[in-house]
Amino acid sequence: NDGSETFEVIIVKSHPNTNLSQKTFKINGTPKPMYETAKYFSTVLFCPQDLDLFTGSPALRRKFLDDLLCKVDQKYKKEHAIYSKSVRQRNRLLEKINKTGRGGDELPFWTDEILKTGTYLQEKRTELIQTLNNTIESIYSDISSQTSKIRLDYKINQINLERLEKHREHEIYAKTTLVGPHRDDFDFLLNNF
């Protein structure tokens, strides 16, 4: 605001025939991670692909929520990274148990990791959905000049020890973690449709 800081974004296209690019963010000439730039430069972009939120896979909707939360909550970003890594490690271990029958003694460690971080992620997602639901109807009415009931319905795949233990054998068979935020989804409801 006082003109004492410089914000710089450098985008270098990697190859002329692809959409790949390398982005560098600098504040006062010092390279910074993207999440640190949010306090200086925040944008909202709507494009046709955003309609995939309605028709696309649950992974797209989770990514939408996660991207939004990571921009406003640094702890969420950190916990999400830990959770994602822990799920990958746990899935490798489940695959090892499936193939060799060994490694079951390591499973409680990774289960505890996803429980701690997964619970936090789901709490923050619940708060976000509630916040959006408190304002979305009035915003929709202003935009559409109609009075309609609109809301987001969070379809939580609740993570807790009881559910993880209940699904343990099925997870070993499937070689993947079946319970937790990485399986969440949400629906947009307009007049309950």
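**Close-up 1. The lining of the second largest pocket.** In this predicted model, the second largest pocket is lined by Ala59, Arg62, Lys63, Asp66, His80, Tyr83, Ser84, Val87, Arg88, Arg125, Pro181 and His182. The volume of this second largest pocket is about 160 Å³. Helices H2 and H3 each supply at least two residues of the lining, and the largest share, five residues, comes from H3. Sorted by class, the lining of this pocket holds four nonpolar, three polar and five charged residues.

**Close-up 2. The largest nonpolar core and its most connected members.** The largest nonpolar core has 18 residues, of which Tyr76, Tyr83, Ile114, Ile159 and Leu164 touch the most other members. At least two residues of this core come from each of helix H2 (58-72), helix H3 (74-100), helix H4 (107-144) and strand E4 (150-155), and the largest share, six residues, is that of H4. Tyr83, listed here among the members with the most contacts inside the core, also appears in the lining of the second largest pocket. In soluble globular proteins, nonpolar side chains tend to be buried together.

**Close-up 3. The surroundings of Leu164, and a second core.** When residues up to four places away in sequence are not counted, Leu164 touches Arg90, Thr111, Ile114, Leu115, Ile159, Glu171 and Val179. Two of these contacts, Ile114 and Ile159, are named together with Leu164 among the residues that touch the most other members of the largest core. A second, separate core consists of six residues, and Leu94, Ile97, Trp110 and Ile172 are among them.

**Close-up 4. Arg90, a buried arginine in helix H3.** Arg90 lies in helix H3, and its relative accessible area of 1% falls under the 20% limit, so Arg90 counts as buried. Leaving aside neighbours within four places in sequence, Arg90 is in contact with Leu107, Trp110, Thr111, Ile114, Leu164, Glu171 and Thr177. The contacts of Arg90 thus take in Ile114 and Leu164, both members of the largest nonpolar core, as well as Trp110, which belongs to the second core.

**Close-up 5. Aromatic pairs and a cluster of three phenylalanines.** The count of aromatic pairs comes to three. One of them joins Phe54 and Phe188 in a tilted arrangement, with 4.5 Å from centre to centre and 40° between the planes. Phe54 lies in helix H1 (residues 52-55) and Phe188 in strand E5 (residues 185-190), so this pair ties together parts that are 134 residues apart in sequence. Of these two rings, Phe54 belongs to an exposed residue with a relative accessible area of 52%, whereas Phe188 counts as partly exposed at 23%. Ring pairs also link Phe54, Phe186 and Phe188 into a cluster.

**Close-up 6. The edge-to-face pair of Phe109 and Trp110.** The ring centres of Phe109 and Trp110 are 4.8 Å apart and their planes stand at 85°, so the pair is edge-to-face. Phe109 is partly exposed, at 48% relative accessibility, while Trp110 is buried, with a relative accessible area of 16%. Trp110 is also one of the residues in the second nonpolar core, and Arg90 is among the residues in contact with Trp110.

**Close-up 7. Arg151 and the residues around strand E5.** Arg151 lies in strand E4 and is partly exposed, with a relative accessible area of 36%. Not counting residues up to four places away in sequence, Arg151 touches Asn133, Ile136, Asp187, Phe188, Leu189 and Asn192. Phe188, one of these contacts, is the residue whose ring pairs with that of Phe54. Arg151 and Asn191 are 40 residues apart in sequence, and their C-alpha atoms are 8.6 Å apart in space.

**Close-up 8. Two residues with positive phi, Lys175 and Asn191.** Lys175 has a positive phi of about 60° although it is not a glycine, and its place is in the loop between helix H6 (168-174) and strand E5. Asn191, likewise a residue other than glycine, has a positive phi near 50° and is found in the segment after E5. Lys175 is partly exposed, with a relative accessible area of 34%, and Asn191 is also partly exposed, with a relative accessible area of 47%.

Terms used:
Residues numbered from 1 in each chain as written. Predicted model: local features only at pLDDT ≥ 70, side-chain atom pairs only at ≥ 80, totals over all residues. Heavy atoms only, no water. Core = buried A, V, L, I, M, F, W, Y, C linked by side-chain atoms within 4.5 Å. Buried < 20%, exposed > 50% of the residue type's maximum accessible area, 1.4 Å probe, protein only. Helix = DSSP H or I, 4+ residues; strand = E, 2+ residues; numbered from the N terminus. Contact = heavy atoms within 4.5 Å. 1 Å grid on protein atoms, 1.4 Å probe; cavity = no way out; pocket = protein on both sides within 12 Å on 5 of 7 lines; lining within 4 Å. Points joined across faces, edges and corners; volume = space filled by probe spheres on them. Nonpolar A, V, L, I, M, F, W, Y, C, P; charged D, E, K, R; others polar. Phe/Tyr/Trp six-rings, centres within 6.5 Å; stacked < 30°, edge-to-face > 60°.
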